[in-house]
Amino acid sequence: MGHGHGHGPPYKVPDASIYKVADAPELVEVERALARRGLKDPWLRNEVWRYNVKQFSTHRSRLITFLFKGFPLGFAAFVATIGVEYALGVDYHAHGGHGHGDEKGHGSGHH
């Protein structure tokens, strides 16, 4: 029960060995700069996927996708809300006499 109706997991985590720093020229330069200082980053391989433009596109396109992912659905909901309010006659500009210049029954200054 609760295992997705007999299917496997919804995604497959790739083996870390498929990512090689040599595949990302930007990271090769980082690795060389660290080596010149006698340092090594054992986790650098974890960043290789970010530079795989074919599979994951660019950082900019990932950001745009992230920011606008729900935009079409949100816009459709906005249009539907406007349509429903129009159909029901909702008017947010009607004040209904909340004392804005309405002097009836509030005393007109005569004693």
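Which residues does the UniProt annotation "transmembrane region" cover? According to that unreviewed entry, the answer is residues 63-84. Keep in mind as you look around that this is a predicted model.

Let us stay with that stretch for a moment. Over residues 63-84 the chain is 91% helix and 0% strand, and the C-alpha atoms at its ends lie 33 Å apart. You can also find a nonpolar surface patch of about 1,000 Å², whose members include Leu 63, Phe 66, Phe 71, Phe 75, Val 79 and Ile 82. Two elements each give two or more residues to this patch: helix 3 (59-68) and helix 4 (71-88). Take Phe 66 as an example, which sits in helix 3. Phe 66 counts as exposed because its relative accessibility is 60%, and the cut-off for exposed is over 50%.

Now move to lower residue numbers. In soluble globular proteins, nonpolar side chains tend to be buried together. The largest nonpolar core here has 7 residues: Tyr 19, Val 21, Ala 24, Leu 27, Val 28, Leu 44 and Val 48. Leu 27 is a good place to pause. Leaving aside residues up to four places away in sequence, Leu 27 touches Val 21, Leu 44 and Val 48, which belong to the core, as well as Glu 47 and Tyr 51.

Finally, look for charged partners. The structure holds 1 salt bridge, and Glu 29 forms it with Arg 36, with the closest N and O atoms 3.5 Å apart. Glu 29 has 39% relative accessibility and so counts as partly exposed, while Arg 36, at 61%, counts as exposed.

How values were computed:
Residues are numbered from 1 along each chain as its sequence is written. This is a predicted model: local features need pLDDT of at least 70, side-chain atom pairs count only at pLDDT 80 or more; totals for chains, interfaces and linings use all residues. Side-chain values use heavy atoms; hydrogens and water are left out. A nonpolar core is a set of buried Ala, Val, Leu, Ile, Met, Phe, Trp, Tyr and Cys residues joined through side-chain atoms within 4.5 Å. Buried means under 20% relative accessible area, exposed over 50%, partly exposed in between (1.4 Å probe, protein chains only). Contact means heavy atoms within 4.5 Å. UniProt positions are given in the numbering used here, feature names are shortened, and annotations may be inferred rather than shown by experiment. Helices (H or I, at least four residues) and strands (E, at least two) are DSSP runs, numbered from the N terminus. Patches are made of residues with over 30% relative accessible area and no salt bridge: like charges are joined within 9 Å, nonpolar side chains (Val, Leu, Ile, Met, Phe, Trp, Tyr) within 5 Å. Accessible areas come from the Shrake-Rupley method with a 1.4 Å probe; for residues, only the protein chains shown count as cover. A salt bridge is a side-chain nitrogen of Lys or Arg within 4 Å of a carboxyl oxygen of Asp or Glu.
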